[in-house]
Amino acid sequence: MKSPDNNTSGDVQAVSAWHRSAVATALVGAVFSVIVLALIVGNYIRGRVHETRWEKKLENLRIEISNQPDDEQALLEEIRRLDLEFRRAMFRVLDFSRTGSYLLLASLSVFVIGIKWAGTFKEKMPAPQPQQGAASEQIRQAMLARWSVAAALGLAGAVMLFLAIGPRIDFRATDAAADSYPTPEKISRNWHRFRGPEGAGISADVNMPESWDGKSGKGILWKTKVPVAGHNSPVVWGDRLFLSGGDPNRLNVFCFDALSGELLWTGDVKRAPLKPNEEPVEVMEDTGWAAPTVTTDGKRVFAIFVTGDLACFDFSGRSFWSKNLGTPDNVYGYASSLEMYRNLLLIQYDQGDTESEKSKLIALDGFSGRVVWQAKRPVANSWSTPIVARTDSGPQIITAADPWVIAYEPNSGAEIWRAECLAGDVAPTPIYANGLTFVIEPYSKTVAIRTDGKGDVTKTHIAWSLDEPAPDICSPIGNGEFVFILNSDGLALCFKAADGEKLWEEDIGEGRDSFLASPSLVGDKLYLLTEKGIMIIAEVLPKYNELARCELGEECCASPAFVDGRIYIRGVENLYCIGKEETTQEP
Amino acid sequence: MIRFGHIIIATAVVVNLCAVVSGRHGLPARENTAKIAAPQRFPPPEFESGYDLPPSPAAPHPRQSIYEYIDVAVLLAALILASYLVLKMRSRRAIFVLMVFSLVYFGFWRKGCVCPIGAIQNIVLSIFDRDYAVPITVSAFFLLPLIFTLFFGRVFCSAVCPLGAIQDLVLLRPVSVPDWLASGLRVFAYLYLGLAVLFAATGSAFLICRYDPFVSFFRLSGNLNILIIGACFLVVGLFIGRPYCRFFCPYGVILRQLSRLSRWRVTITPDECIGCRLCEDACPFGAIRKPADEWSATEYVRGKKTLALLILLLPVLILFCGWAGARFKNVTSRMHSTVRLAERIYLEEAGEVEGTTDASLAFRATGREVKDLYEEASGVRGQFAIGGWLLGGFMGLVIGVKLTAVSVWRQRTDYEADRAGCLACGRCFKHCPRERLRLSKKDKAIS
Ligand code: SF4
Ligand code: SF4
């Protein structure tokens, strides 16, 4: 090849032939590069489309899994198949693009070589332009340079300002610095679940009303009609009170102003459509559509219904998430209430019989509704609510069902201990005090179990077990000194907590009163709500001593809530707030 | 005599040694960064399939570390050769061949990693994070080009850096960028360097690696956005010589300053400048300085006043930019994963965004207190406030010095390659008739 340096007029033709070859080489390289590039882009788009479709399908399947845990296996199979299909397709796309990249690199190299080569034949000779006023040009350049440096600084500042647009988030602001889940102190000042903190039914405030009369309105601070019925109990957080209700046409969550009784909002819970071949849920009148009590973490409220529909609303009534856990296989209808532990929403989802392996304890992230862990339970369907007990060895979720009482570690769902001691349709909720948990086998037995065991503690940690009449619905109450149980027909028994020694037995109902609401304790006084809506206030120790009877004038089956000098009672139709007049506050 | 440059190099060596010995764990930087930065293309399935995933290698393959030493040896050899070709042989063609070799070896073969440009971050992080160790090879990659620049000018940029090489190769129709514009654009390189140091020091991100525009070409795969940025640089690079090198490269910023102090450097003419002006437009990078006329008395006085004003402005600029840098801590700190997560959680909690992200879900699954996360994020923001002061102050200093520097009259009688900006590409050599004379004499002597 001739270089332009030794180019003479005689070589012009040869040079132009070389030049043409160089141009042709560059052209071939360019055309080939464009074709390969187009193919690579096409392949990339194909891959992206495929990936987007796959991601969407996968996301739908994931949602379905959490919504239809019953079909988990089939859905997992489907995910596996999709995953394999996608991986194959993606590797084809990757192979194609890798080959394309090599080809593109090669063709671009040919193009660059061609064009550089062609350039050597057309080298521009230096042709300096006439020069004048170098000094003034330098001054002009200096001035422009100053402006351009300043402009660069301005541009950088403008970009930063643009990036700074948007909400200014101050992590130290009081509302931001608030706890993400309520502290035990906050919980103890509220009534965040069925029977309040730890499900104990004990009021933190001992200054509670001791007389009222629904008929005359004495002591009734407000009374509001609940739009839809439900057997669940009121839950109170700050100035908000929550309830749920349901009938065949709707499932609702209600938020009331706890100070004025005004209904603030109604949250609609969408019912999951029935799956093919699925029987519609049959709801017993005694249970109703909304037996489980809602729970709250102080920012959001969670509700579950007899259909397995679960929903979360924030305090303004905005629906956060909802899902369906699958229609529960439950003879009387699902009635276990919800519990919270830190950010976890705990659901005792017991179904079928002990053999059917359908029961589980589910922990969902309260914010997103995603399953954080779930533990299979070898128990039959139950109606009891789990409690989170603060034992000496740390928090334990304690659950009661037929036949096992099981304690779980709340963060992981790992089982801590289990005791085989119950039978039948377990509905009463366990309680915990002084290292002992107290559970009830309907009609026949009250059992105290030490909570410091590990593994199967049936033979080692049952502190005492009394074969005495025991309630089928009402949960026990105790303060570490005594345990009080109340049968539906009004037969009440009181035991010494430490060893189960019977302290007294009394027929409170005397044939006229029956009880569905669980007993509560205010200081050393029992508050026992009859089905007819009469609150019996009585001393529990040293022996039963009735102090007062307060009539509401409406039938009741939900357990009352005790917060801040007020008692909130849900009648079958109305919601009542009872307080001493001096505690009446302006909303 | 001890030169100022030697002091700088000695300092850099000491800093490096400190960085190497300060790390407690001997994980090579590449592995560390890979662990931080490499998301799996296919994460393991989310269900039990009975298939045991083969364990990921915990330590790098021995061959890999041998390669790292080979890389250092090749780098050293390439730098020596480049110095010889630029300063002694003065052959553009030879420089070009070495440049193509470097592009193939450091770029396509070694996939653009380790590179001295990114090594800045390893060094910075190792200084601020005692748990992070810089392998000796990375330190060597960082230091060798600096040492060579201090002695021989920017020979690394001339024929060894693969990023420079790929841009040099695609330069087909050079268009000159006016000096004043180039001065302004160069500010971005300083800003890029400052941000890269800030993010590396706070353990937020390796900005230079994340936004390396050419690495996707070297690896023949990569993030689409980066590929597009790289393609834009190359398309612009068809007409504007090495745009990344001149206006963005953070390592180039350091090399520029060291090159000012270099003992030997590129000269356009092999012996004397005869003022023929034939080289005037030879440089596609605008690095040839013309002889300067003297200013008239009035212009001189006015220039002096401007200069005085600008010198007075310097501390104001430093303080103002430092203050502004600290004010932008909320923006800059978003580069840190903790702050990003905390902001996301904050917006989720406040109901200002719908749904969740994988990161926020993972955080919630830990059951950790949001308050703790906010606390941690506030702490990180505090670091960025200090970093913002330093970065802003640095930028104020750069701007102030630049404004001053462009306003100074410099006496020059010959055509010269700019000490800082010359990339030692060798294109201007043959434009000089003295060089042609030298070559023809040499040819004659050989024949
Ligand atoms: S300026 Fe930066 S990218 Fe360009 S050649 Fe030099 S080190 Fe490489
Ligand atoms: S060697 Fe010459 S052409 Fe190349 S960058 Fe330096 S001055 Fe410009």
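Start by selecting residues 1–7 of chain A, where the pLDDT stays under 50. This is a predicted model, and this stretch has 13 contacts beyond four places in sequence. Now jump to residues 583–587 of chain A, where pLDDT also stays under 50. Here the model has eleven contacts beyond four places in sequence. Where pLDDT is low, the predicted coordinates should not be read in detail. For chain A as a whole, the average pLDDT is 89, and 94% of the residues score at least 70.

**Two prolines in chain A**

Stay with chain A and select A:Asp402 and A:Pro403. What kind of peptide bond joins A:Asp402 and A:Pro403? The bond is cis, with omega at about 5 degrees. To find your bearings, look for strand 16 (394–400) and strand 17 (404–408) of chain A: A:Pro403 sits in the loop between them.

Next, select A:Leu541 and A:Pro542, which are joined by a cis peptide bond with an omega of about 0 degrees. The place to look is the loop between strand 30 (534–539) and strand 31 (545–551) of chain A, which holds A:Pro542. Most residues other than glycine have a negative phi, and most peptide bonds are trans.

**Over to chain B**

Color chain B by confidence. Its pLDDT averages 85, and 86% of the residues score at least 70. Residues 1–5 of chain B have a pLDDT below 50, with eight contacts in the model beyond near neighbours in sequence. Residues 14–42 of chain B also have a pLDDT below 50, and this stretch has 47 contacts in the model beyond near neighbours in sequence. For the complex, the predictor gives an ipTM of 0.82 and a pTM of 0.72.

Now select B:Arg90, in the loop between helix 3 (62–89) and helix 4 (92–109) of chain B. Its phi is near 50 degrees, a positive value in a residue other than glycine.

**Helices 5 and 6**

Select residues 116–128 of chain B for helix 5 and residues 136–152 of chain B for helix 6. Their axes lie 9 Å apart and the helices pack at an angle of about 120 degrees, so helix 5 of chain B and helix 6 of chain B are oblique to each other. Show side chains at the contact: helix 5 of chain B brings B:Pro116, B:Ala119, B:Ile120, B:Asn122 and B:Ile123, while helix 6 of chain B brings B:Val138, B:Ser139, B:Phe141, B:Phe142 and B:Pro145. Sorted by class, this contact of helix 5 with helix 6 of chain B has eight nonpolar, two polar and no charged residues. Helix 5 of chain B passes helix 6 of chain B in a left-handed crossing.

**From helix 6 to helix 14**

Keep helix 6 of chain B on screen and add helix 14 of chain B, residues 250–260. Helix 6 and helix 14 of chain B pack at about 30 degrees, with their axes 8 Å apart. That angle makes helix 6 of chain B roughly parallel to helix 14 of chain B. The contact includes B:Phe141, B:Phe142 and B:Pro145 from helix 6 of chain B, and B:Tyr251, B:Ile254 and B:Leu255 from helix 14 of chain B. The residues of the contact of helix 6 of chain B with helix 14 of chain B are nine nonpolar, two polar and no charged. Helix 6 of chain B passes helix 14 of chain B in a right-handed crossing.

Add helix 9 of chain B, residues 179–201. Its axis comes within 7 Å of that of helix 14 of chain B, and the two cross at roughly 110 degrees. Helix 9 of chain B and helix 14 of chain B are therefore roughly perpendicular to each other. Here B:Arg186, B:Ala189, B:Tyr190, B:Tyr192 and B:Leu193 of helix 9 of chain B meet B:Pro250, B:Val253, B:Ile254, B:Arg256 and B:Gln257 of helix 14 of chain B.

**The two ligands**

Select ligand 1, which 14 residues surround. The closest are B:Cys157, B:Cys161, B:Arg242, B:Cys245 and B:Cys249. Which helix of chain B gives the most to the shell around ligand 1? Helix 14 of chain B does, with three residues. By class, the shell around ligand 1 has ten nonpolar, two polar and two charged residues.

Finish at ligand 2, whose surrounding residues include B:Val266, B:Cys283, B:Cys422, B:Cys425, B:Arg427 and B:Cys428. The shell around ligand 2 has ten nonpolar, one polar and one charged residues.

Notes: Residues numbered from 1 in each chain as written. Chains lettered and ligands numbered in written order. Predicted model: local features only at pLDDT ≥ 70, side-chain atom pairs only at ≥ 80, totals over all residues. Heavy atoms only, no water. Axes fitted to C-alpha atoms, helices over the stretch in contact; angles between N-to-C directions. Helix = DSSP H or I, 4+ residues; strand = E, 2+ residues; numbered from the N terminus. Parallel < 35°, antiparallel > 145°, perpendicular 65-115°, else oblique. Left-handed = near helix turned anticlockwise from the far one by under 90°. Contact = heavy atoms within 4.5 Å. Nonpolar A, V, L, I, M, F, W, Y, C, P; charged D, E, K, R; others polar. Near = heavy atom within 4 Å. pLDDT = per-residue confidence, 0-100.
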